[in-house]
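Biologist: I'm new to this. Could you show me how to read charged pairs and domain contacts in a structure?

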Amino acid sequence: MQNYATVTDEGPSIASLLKSSHIRRAYHFIDELQTELDDELVRICEIPAPPFKEEARARFVSQRFQDIGLSRVRSDEKGNVIAERPGLSSKLSPGPRIVVSAHLDTVFPERTDVRVRRDGARFHAPGISDNVCGIVSLITLARALDAGGIVTEGTIYFVATVGEEGEGNLRGVRHLFNAGEFKRGVDAFISLDGPGLERITHRALGSRRYRVTVGGPGGHSWGDFGIVNPVHALGRAIARFSAYPAPLAPRTSYNVGVIEGGSSVNAIPASASMVVDIRSVSSNEIEKLEAHLRRVVEIAVREENSQRAMSGTSLTCEFEQAGDRPSGETPIDSTIVRAAIECSRALGIEPRLDCSSTDSNIPISLGIPAITLGAGGVSGNCHSLTEWYEPTGRELGMKRLLLLTVSLGGFAC
Ligand SMILES: [Zn+2]
C-alpha cells in the first residue's frame with residue numbers, strides 16, 4: 001500500500017495547515033456548532049442499537065449522510081453505512097483512500113431504556129459515550145470539511161459499522177475488509193470509539209472466545225453414583241487451565257467467565273458448559289493458550305472417563321469458537337501514527353499510545369495503517385446503565401480529527 005500522506009518532509013506541514021484559512025473556517029464552524037451537536041447526540045442515542053439490531057440507527061445515519069451532501073450513500077449486506085466525499089483524484093492519478101469510521105452498536109439488549117437525562121453539562125444514557133459521541137464526530141467531520149471549503153486529493157470514506165461490541169465480533173468491519181468495499185485495501189483507517197483525546201490506539205488487542213460443552217447420560221445422585229459427571233470434568237479442566245502462567249509481556253490474560261450446567265443438587269448433570277475468554281497483544285500467545293485450553297479439557301474428560309470406567313459411561317465434549325479478534329500493530333513510525341501524534345501536539349494534546357480491542361483490529365491485522373481515536377469529551381461508567389458523557393473538550397477532538405484527515409487525505413486547497 002502506498003503512503004500518500006506527507007507529514008513532515010514533503011507537502012504542507014501540520015503547522016502550515018493550521019494557518020490555512022480553510023482550516024480556520026472549518027474550526028470556526030466546529031466551535032459555533034457545539035449546542036446543535038448536543039441535540040444530535042440525544043437524537044442518535046435515543047434510537048436503540050442493540051447487538052445485531054442496528055438497523056434503525058443505521059437508517060438515521062444514512063439519512064444524515066444524505067442530508068449533509070455526502071456522495072454515494074449506501075448500505076452493504078451486513079448493515080454498514082458507507083458514504084464518500086470525493087477528492088480531486090482521477091482514474092489516472094488516484095489519490096489516497098482514507099476511511100473514517102465509528103461503530104453504531106451498543107452492548108445493551110433490546111428494550112433497554114435509552115432515553116437521555118440531562119443534568120447540567122452531563123448527559124446520562126446507555127451508549128451515549130460508546131459510541132454515540134463517535135457517530136456525532138463522524139457526521140460533524142463531513143460538515144466541517146464542507147464549511148471550510150476544503151478539497152482533498154484523495155477520497156474520504158465515512159463509515160458507520162455494525163457489530164463492533166462483544167458477540168458482534170467485529171462483523172461489520174470484518175466484512176468491509178474481507179469481502180466488502182475495502183477488500184482491496186485502503187491507505188488509512190481511523191476509527192472513532194468513545195470519548196477522550198489522549199489515546200491513540202495503534203496496537204490491536206486480540207482475543208478469542210470459546211464455549212466448551214461436556215455431556216453425559218445424567219442420573220440420580222445416589223442411585224446412579226459412579227457414572228461420569230460433566231461438572232466434575234469441567235472442574236478438573238478449570239483447575240488445570242487456571243494454573244497457566246500467562247506472561248506479563250507480551251501481556252496476556254484468560255478468564256472463565258460463565259459456567260453453566262445441572263438442574264438439581266441431587267441429580268448428576270447431563271451437560272455442563274463454560275465460556276472462556278483469551279486475550280493477548282501477541283497472536284502467538286493466543287495460539288499457545290488455545291492449545292493449552294484444548295489440552296486440559298481433553299485430559300479432564302479422559303480422567304473423568306477413566307475414573308468412572310466401571311460404570312460403562314463416558315463423556316462427550318464439544319469445543320466451539322465463539323469469537324475471534326486478531327491482534328497486530330500499526331508501527332509507531334508509520335505515517336498515520338506520526339501524523340496523529342503531530343496533529344494532537346499541534347492542538348496542545350499530549351497523546352498516549354495505547355493497545356485496545358476495536359474495529360481497527362481487522363485492518364491492523366491485514367497490515368493496513370489503522371488507528372482508533374477518542375472523539376473528545378469525557379465519560380464514565382461505560383458499558384453500564386449509568387453511563388454518562390460530558391462534551392467538555394469535544395471541539396478539540398473534532399479539530400484534531402479534521403486536521404489528521406486532511407493531512408492524510410492530501411490538502412489540495
Ligand atoms: Zn466502542
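**Reading salt bridges and a domain interface**

Modeller: Sure! Start with Arg308 and Glu304, which form a salt bridge with their closest N and O atoms 3.9 Å apart. This is a predicted model, by the way.

Biologist: Are those two buried or exposed?

Modeller: Arg308 and Glu304 are both buried. The general idea is that side chains of opposite charge can pair when their charged atoms come close. In this structure there are 30 salt bridges.

Biologist: What does the pair Lys53 and Glu110 tie together?

Modeller: Their side chains meet at 3.0 Å, N to O. Lys53 sits in the loop between helix H2 and helix H3, and Glu110 in the loop between strand S3 and strand S4, so the pair links parts 57 residues apart in sequence. Lys53 is partly exposed at 39% relative accessibility, and Glu110 is partly exposed at 41%.

Biologist: And which residues join Arg208 in one network?

Modeller: Salt bridges with shared partners connect Arg208 with Glu287, Glu290, Arg294 and Asp324. Within that group, Arg208 and Glu290 have their closest N and O atoms 2.5 Å apart.

Biologist: Now the domains. How much area do domain 1 and domain 2 bury between them?

Modeller: The size of an interface is often given as the accessible area lost when the parts come together. Here domain 1 and domain 2 bury about 860 Å², with 43% of that on carbon and sulfur atoms. On the domain 1 side, Asn169, Leu205 and Ser327 supply 53% of the area buried against domain 2.

Biologist: How many salt bridges are counted between domain 1 and domain 2?

Modeller: Just one!

Methods. Residues are numbered from 1 along each chain as its sequence is written. This is a predicted model: local features need pLDDT of at least 70, side-chain atom pairs count only at pLDDT 80 or more; totals for chains, interfaces and linings use all residues. Side-chain values use heavy atoms; hydrogens and water are left out. Buried area is the accessible area (1.4 Å probe) that two parts lose on being put together, summed over both. A salt bridge is a side-chain nitrogen of Lys or Arg within 4 Å of a carboxyl oxygen of Asp or Glu. Helices (H or I, at least four residues) and strands (E, at least two) are DSSP runs, numbered from the N terminus. Buried means under 20% relative accessible area, exposed over 50%, partly exposed in between (1.4 Å probe, protein chains only).
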